[in-house]
Amino acid sequence: MFFASKKPAPGPVDFIIAGLGNPGREYENTRHNAGFMAVDRLAEAQNTSVNRVKFKGLTGGCSLAGRRVLLLKPGTFMNLSGQSVREAMAFYKVPPERTLILFDDINLPPGRLRIRRKGSDGGHNGMKNIIYLSGSEQFPRVKIGVGQKPSPEYNLADWVLSRFSQADLKALDPALDKACAAVELIVAGEADRAMNLYN
């Protein structure tokens, strides 16, 4: 009773927010890790950390829009993201509609966002695995632009695992803040408003 705690009171998780990426220092600040970067930014804004090992990944907790939220960074590598996400969903009995996925999109320039209520994987391997293992496409998502390959011949894997240029990072910085604002609106049940403001 005597100690004030910054952490939210334990209770049922209403929403899961999963940012996709690859674990390990060698992948930090690569295009494929835009989802990790967004979750880290959100944790920072909420004065929490994503550092507890659980559900084959790193987790943290916070309150958003009055709801208890689990922040998740799968540690399974991108192509197996669904293992971690599905485990967290099963543990907290959170449906796909309340499991928000943040991930990179090569079809958007750096600094741009695209918010969707649901949809196909759009060719993204992390999303593909989540949809495959859960059997649902009903996941809301925030796609974060990381830019297209410099030429059609450029290897896609090499591109998404390359680091952002300084110019791209400069464009990405405000986009991460906007992604956090969009997440908060989606958790509050205002997905349409998030789409109108940030798409």
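Ile186 touches a varied set of partners in this predicted model. Leaving out residues up to four places away in sequence, Ile186 is in contact with Phe15, Leu100, Ile115, Pro140, Val142, Ala191 and Ala194. You will find Ile186 in helix α5, which covers residues 166–187. Is Ile186 buried or exposed? Its relative accessibility is 8%, and because buried means under 20%, Ile186 counts as buried. There is also a link across the sequence to look for: Ile186 and Ala65 are 121 residues apart along the chain, but their C-alpha atoms are 9.2 Å apart in space.

Let us stay with α5 and look at one of its helix partners. Helix α1, residues 34–45, packs with α5 at an angle of about 60 degrees, and the two axes are 9 Å apart. That angle makes α1 oblique to α5. The crossing of these two helices is right-handed. Which residues make the contact? From α1 come Ala34, Met37, Ala38, Arg41 and Leu42, while α5 brings Leu169, Leu172, Asp173, Leu176, Asp177, Cys180 and Val183. Sorted by class, this contact of α1 with α5 has 9 nonpolar residues, 3 charged ones and no polar ones.

Now step back along the chain, to the loop between α4 (156–160) and α5, where Ser162 is found. Ser162 has a relative accessibility of 17%, so Ser162 counts as buried, given the cut-off of under 20%. What lies 2.5 Å from a polar atom of the Ser162 side chain? That is the backbone oxygen of Trp159. Setting aside neighbours within four places in sequence, Ser162 is also in contact with Asn29, Thr30 and Arg31.

One more pair of helices rounds off the tour. Helix α2 (residues 81–92) and helix α3 (residues 125–134) have axes that come within 7 Å and cross at roughly 45 degrees. The two helices are therefore oblique to each other, and α2 passes α3 in a right-handed crossing. On the α2 side, Ser81, Gly82, Gln83, Val85 and Arg86 take part, and they meet Gly126, Asn129, Ile130 and Leu133 of α3. How many residues of each class does this contact have? The contact of α2 with α3 has 5 polar, 3 nonpolar and 1 charged residues.

If you would like to compare the two pairs yourself, look again at the classes: the α1 and α5 contact has 9 nonpolar and no polar residues, whereas the α2 and α3 contact has 3 nonpolar and 5 polar residues.

Key
Residues numbered from 1 in each chain as written. Predicted model: local features only at pLDDT ≥ 70, side-chain atom pairs only at ≥ 80, totals over all residues. Heavy atoms only, no water. Helix = DSSP H or I, 4+ residues; strand = E, 2+ residues; numbered from the N terminus. Buried < 20%, exposed > 50% of the residue type's maximum accessible area, 1.4 Å probe, protein only. Polar contact = N/O pair within 3.5 Å; in protein donor to acceptor, adjacent residues only side chain to side chain. Contact = heavy atoms within 4.5 Å. Axes fitted to C-alpha atoms, helices over the stretch in contact; angles between N-to-C directions. Parallel < 35°, antiparallel > 145°, perpendicular 65-115°, else oblique. Left-handed = near helix turned anticlockwise from the far one by under 90°. Nonpolar A, V, L, I, M, F, W, Y, C, P; charged D, E, K, R; others polar.
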